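I opened the notebook to record what I looked up in this model. The entries follow the order in which I went through it.

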Amino acid sequence: MFFLLAIGICWNNVTNAQPAAGEPCTFSDQLRYSQLVINSRINDFKANKANAGFGVFDSQGNLLVAPNYSMSYLDYVPGLVAKAIIETVDFYKDHHEVDVRPWYYAIQNYANSYDISQDGKDGKCFDDINAVKLYFRLQELANNKTFGDGPYFTNDETVTVSKKRFADALVSIDIANTNYAIKESTLAGAAGGWWHKSFYTDQMWCDGQYMGPALLAQMINEYTDYAAISANDWDLITKQFTISWNYLWDEDVKLLYHAFTADPAGEAAKIWVGISAEPGSEVYHSAEFWGRATAWYFLALVDVMEQMLKAGMKDTDNYLLLHGYLQQLAAGLAAKQDVKTGCWYQLLNYDDSYVATSYNSEFCYTTSPVANYLESSCTAIFIAAYLKGMRLGLFDVDYTDLAKKAYRGFVENFMVADGMGGVHLLRCCKSAGLAGFAFRDGSANYYLMGKDTEPTSTSEGNFYTEGKVLGGFIMAATEYERMKNKETGIRAVREHDNATPSSYSLLGIKLNSQSSLQNIFIKDGKKYHHNKLGVR
């Protein structure tokens with residue numbers, strides 16, 4: 001295996017020795033964390049428990065290390081990581097201090113090698129088409145011949161594959177809009193809301209707004225063969241947020257519940273805690289405010305509003321409505337940021353004084369008490385959304401200091417040495433949901449003790465990077481670096497063919513050999529590094 005060596009400035013104990021596994025990082029505002037994390041984990045991360053690593057390539061597109069990928073189709077978790085990486089490629093493609101070509105070939109290889117699952121094509125699961133987002137920047141780079149053809153795929157092939165993925169995704173959304181949407185007869189106020197998945201009958205989840213509507217918004221602007229699936233697709237997108245907002249937003253707490261059901265008496269939500277089907281006293285929403293679900297919704301609002309701005313919709317009712325939701329949610333989340341660390345908790349409405357002592361004995365990962373904990377994936381996605389929203393001018397309040405504090409807090413609380421020269425991102429909730437299978441009741445104790453919710457850690461079997469935090473943090477890091485580049489005025493130089501290993505810090509200061517972040521890898525006990533001719 002190949003692993004990045006981050007020399008010096010990331011570690012608490014700066015020595016010539018390799019940092020021990022689990023050793024925490026010390027934050028440095030001069031370190032380009034996007035590069036550190038991508039090179040550390042591009043070949044080795046997981047989607048929950050499934051291996052999802054991409055191949056490692058050199059600057060000419062030669063495969064150095066095979067993909068560590070156990071799935072046979074596109075998946076939203078590696079798709080999120082791929083999207084984040086290709087957007088980092090797009091940002092740094094004109095900067096000589098980062099050689100992004102190996103990353104481009106890695107994502108091109110993933111994108112060209114895997115297709116949408118059949119459930120995804122059949123409109124049954126928005127999760128299964130969300131990975132299509134990676135093709136927008138990938139197609140643009142391929143179409144512009146930004147990088148040369150590699151030995152495995154040409155740029156023209158990549159453009160063709162991208163168009164096929166867009167076409168299939170559009171058909172999928174059309175099918176979902178027709179077959180898997182809440183009916184007027186079920187709940188008039190929720191009519192037209194897209195089910196989270198085909199088997200989550202009449203349910204809308206916060207997560208789903210990032211998976212479906214945000215993808216459709218980008219397709220409207222960036223898919224050249226786009227054909228509308230309704231009389232007004234911007235109205236259709238806005239409707240998804242309006243319905244979910246109306247049933248999930250808590251005006252007192254200033255947060256969004258995880259999900260709601262349009263049919264509280266139905267089988268699909270019968271075990272949800274807090275649900276009531278009593279006529280006149282219905283409770284439609286789940287019981288708790290889960291961090292990552294809210295993070296997806298927050299980022300989805302930012303992404304959709306970005307597309308609305310591109311479409312010249314700033315003065316429309318749809319834009320203004322979403323703008324109002326975004327301001328309220330941003331303020332609500334700011335109030336829940338941990339004062340000490342700048343991070344956010346797994347359960348947003350509690351701190352670590354809330355302790356789960358028991359959960360269903362057949363569906364818990366531990367019988368020991370579990371305190372509410374600072375969670376990495378929601379923190380990463382919140383940072384990305386705040387920074388991107390600030391860059392686009394979407395907020396009425398300046399959240400720069402909040403985001404900077406959270407970014408530093410992320411590094412100091414979640415980033416540790418992997419024991420092989422790179423880093424892991426830990427304390428990521430692996431998964432969480434509501435009913436569907438087993439005993440996911442949506443209680444506070446479920447989110448802390450439920451079998452599928454166990455966070456990654458330094459313990460045996462859990463010491464790995466989960467893709468949801470990896471993709472979220474790469475997006476956050478790239479946004480942070482955009483902001484720092486704007487502040488310091490780093491000069492863009494288009495020198496793809498002469499790109500060098502990183503010898504410049506985030507602030508544009510040339511680093512010496514003891515502090516530079518280089519593309520150095522270990523294989524069979526020997527050191528290798530990229531240069532413009534490949535690997536030596």
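**Entry 1: T379**

I began with a polar contact: the side chain of T379 reaches the backbone nitrogen of W344 at 3.1 Å. The model is a predicted one, and I read every value below as computed from it. I then asked where T379 sits, and found it in helix α12, which covers residues 376–392. Is T379 buried or exposed? T379 has a relative accessibility of 0%, and buried means under 20%, so T379 counts as buried. I also listed what T379 touches, leaving out residues up to four places away in sequence. The list is C343, W344, A406, F410 and F414. W344 is thus on the contact list of T379 as well as being its partner in the polar contact.

**Entry 2: the aromatic cluster and other rings**

F410 and F414, both touched by T379, turned up again when I looked at the rings. They belong to one aromatic cluster, formed with F27, Y33, Y407, F473 and Y480. For the structure as a whole I noted 45 aromatic pairs. One of them is Y350 with Y354, with ring centres 4.8 Å apart and planes at 25°. Planes under 30 degrees apart count as stacked, so I wrote this pair down as stacked. Y350 has a relative accessibility of 27% and is partly exposed. Y354, at 24%, is also partly exposed.

I next looked for charges over rings. The charged end of K46 sits over the ring of Y464, 4.7 Å from the ring centre. K133 lies over the face of Y210, and there I noted 3.3 Å to the ring centre.

**Entry 3: cysteines**

How many disulfides does a search of the whole structure find? The search finds zero. I checked two cysteines for burial all the same. C25 is buried, with a relative accessible area of 3%. C125 has a relative accessibility of 9% and counts as buried too.

**Entry 4: G120**

C125 led me to G120, as the two are in contact. Leaving aside neighbours within four places in sequence, G120 also contacts D128, I129 and S172. G120 is in helix α4, residues 118–121. Its relative accessibility is 0%, so I entered G120 as buried. I noted one C-alpha distance here: G120 and N130 are 10 residues apart along the chain and separated by 9.1 Å.

**Entry 5: R101**

R101 lies in helix α3, residues 101–113. Is this arginine, R101, buried or exposed? The relative accessible area of R101 is 6%; the limit for buried is under 20%, so R101 is buried. From R101 to G148 the C-alpha distance is 9.1 Å, with their positions 47 residues apart along the chain.

**Entry 6: the loop between β13 and α14**

I looked up two residues in this loop. R427 lies between β13 (423–425) and α14 (444–449). R427 is not a glycine, yet has a positive phi of about 60°. At 29% relative accessibility, R427 is partly exposed.

A435 is in the loop between β13 and α14 as well. A435 is buried, with a relative accessible area of 6%. What does A435 touch, not counting residues up to four places away in sequence? I listed Y200, A268, I271, W272 and R440. The C-alpha atoms of A435 and A269 are 6.4 Å apart in space, although 166 residues separate the two in sequence.

**Entry 7: K254**

K254 was another non-glycine residue with a positive phi, here about 65°. K254 lies in the loop between β7 (249–250) and β8 (255–256). Its relative accessible area is 33%, which makes K254 partly exposed.

**Entry 8: the chain as a whole**

I closed with totals. The secondary structure comes to 15 helices and 16 strands. The chain has 536 residues, and 62% of them count as buried. It exposes about 19500 Å², of which carbon and sulfur atoms supply 48%. Among contacts between residues at least 6 apart in sequence, 73% join residues at least 24 apart. The pair A435 and A269, 166 residues apart in sequence, was the distance I had noted in the loop entry.

Conventions
Residues are numbered from 1 along each chain as its sequence is written. This is a predicted model: local features need pLDDT of at least 70, side-chain atom pairs count only at pLDDT 80 or more; totals for chains, interfaces and linings use all residues. Side-chain values use heavy atoms; hydrogens and water are left out. A disulfide is a pair of cysteine sulfur atoms within 2.5 Å. Buried means under 20% relative accessible area, exposed over 50%, partly exposed in between (1.4 Å probe, protein chains only). Rings of Phe, Tyr and Trp (its six-membered ring) pair if their centres lie within 6.5 Å; planes under 30 degrees apart count as stacked, over 60 as edge-to-face and the rest as tilted. A charge sits over a ring if NZ of Lys or CZ of Arg is within 6 Å of the ring centre and within 35 degrees of the ring normal. Helices (H or I, at least four residues) and strands (E, at least two) are DSSP runs, numbered from the N terminus. Contact means heavy atoms within 4.5 Å. Accessible areas come from the Shrake-Rupley method with a 1.4 Å probe; for residues, only the protein chains shown count as cover. A polar contact is a pair of N or O atoms within 3.5 Å; within protein, one must be able to donate a hydrogen and the other to accept it, and residues adjacent in sequence count only if both atoms are side-chain atoms.
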